[in-house]
Amino acid sequence: MLKVPEHQVAGRQAIDGKLGPLIDNSGHFYKPLQDDDERGTRELTFYHSFSSNTRIPHHIRRFFPVFHGTQLLKASDRSGLRPHLVLQDITSDHLNPSILDIKIGSRTWYLEASNDYIQNCFHSDKTTTTVSLGFRICGLQIYNESGFWKPGRKLVRNFTADDVRSVLRKFVSSNVGPEPDCCFAGSVYGGCDGILERLLELKTWFEDQTMYHFRSCSVLLLFDKESFLRGKTPFAEVKLIDFAHVVDGNGVIDHNFLGGLCSFIKFVSQVLADSKGSTMEDKI
């Protein structure tokens, strides 16, 4: 039985007869290949390349969804059979996860794209925090005891730098009000298995890797706040998603992604520092 993902916070959704991803109860995420341009082919090519690339360190592979190939399925828009990427459902091991989808890079377009796509990216990049911060929040949901706080896409697109800081604080707080307490920051952002340490691990790889350039790719942060509220140990994850615009690195460091990632790390680091009364800026 396939169903609409309950915890999808950004991207095309399989609702109201539209084409979008589906999930099953076995931990699989089915993403329809897009046939209106080269995006589907490009994403499939990336997964094949990445899966077989022996130069990818083992510890880096854990940041990417597991790729299980492709499968013909009935599309959610009732257009008939369509090939779908079969990926790991990242949220399947989480109960009521809080999620942040962060699109990384100050430039989401690439030279090989169509002129219409480039112009659309120009507009989106300039009218969001993409250019000014090197990243933007694309979607989120934050769990609290009364349910999820999940602002609409229009509100998210209008986030300022101050809004980004506020969201990063609310993400690790017991409340989502105007004065978030950041009481979970040390456990979620900090520590040897915390989100910040994992982002720094990714940063180290991007300082050297020249195989791929990740345009319009997102970093997904998720953890179970409900575990905290019940006095249990949280399970936080960092994943990279959305590879329809990955291009060959041609031996050049992906400074666009690296710069955006460093900027995002500084924001997370500051929230952690403010919550602990200390700084971790020397790691950046």
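**Exercise 1. Find the residue that stands opposite T70, then build up the sheet around that pair.**

Step 1. T70 faces L85, a residue of β4. Before going on, note that this is a predicted model, where local features need pLDDT of at least 70, side-chain atom pairs count only at pLDDT 80 or more, and totals for chains, interfaces and linings use all residues. Residues are numbered from 1 along each chain as its sequence is written, and side-chain values use heavy atoms, with hydrogens and water left out.

Step 2. Go one residue along: Q71 has H84 in β4 as its bridge partner. Strand β4 covers residues 81–88 and runs antiparallel to β3, with 6 bridges joining the two. (Strands are DSSP runs of E, at least two residues, and helices are runs of H or I, at least four, numbered from the N terminus; two strands pair if DSSP finds at least two bridges between them.)

Step 3. Look at the turn. The hairpin of β3 and β4 has 6 residues between its strands, and R78 has a positive phi near 65° there.

Step 4. Zoom out. The open sheet has 4 strands in the order β1-β2-β4-β3, paired antiparallel. Its edges are β1 (22–23) and β3 (67–74), each pairing on one side only.

**Exercise 2. Which acidic partners does K31 have?**

Step 1. Start with E43: its salt bridge with K31 has the closest N and O atoms 3.0 Å apart. (The rule asks for a side-chain nitrogen of Lys or Arg within 4 Å of a carboxyl oxygen of Asp or Glu.)

Step 2. Place the two residues. K31 sits in strand β2 (residues 28–32) and E43 in helix α1, so this pair ties together parts 12 residues apart in sequence.

Step 3. Now D242: K31 forms a salt bridge here too, with the closest N and O atoms 3.4 Å apart.

**Exercise 3. Describe how domain 1 meets domain 2.**

Step 1. Set the bounds: domain 1 is 22–88 and domain 2 is 97–282, as given by an automatic or database domain assignment. Their C-alpha centres lie 22 Å apart.

Step 2. Count contacts, meaning heavy atoms within 4.5 Å. You get 19 residues of domain 1 touching 19 residues of domain 2.

Step 3. Get the buried area, which is the accessible area (1.4 Å probe) lost when two parts are put together, summed over both. It is about 1,800 Å², with 62% from carbon and sulfur atoms. On the domain 1 side, R42, F46 and F63 lose the most, together 36% of what that side buries.

Step 4. Finish with the salt bridges between the domains: there are 2. On domain 1's side of the interface, α1 (39–52) and α2 (58–61) each supply at least two residues, and α1 gives the largest share, 7 residues.
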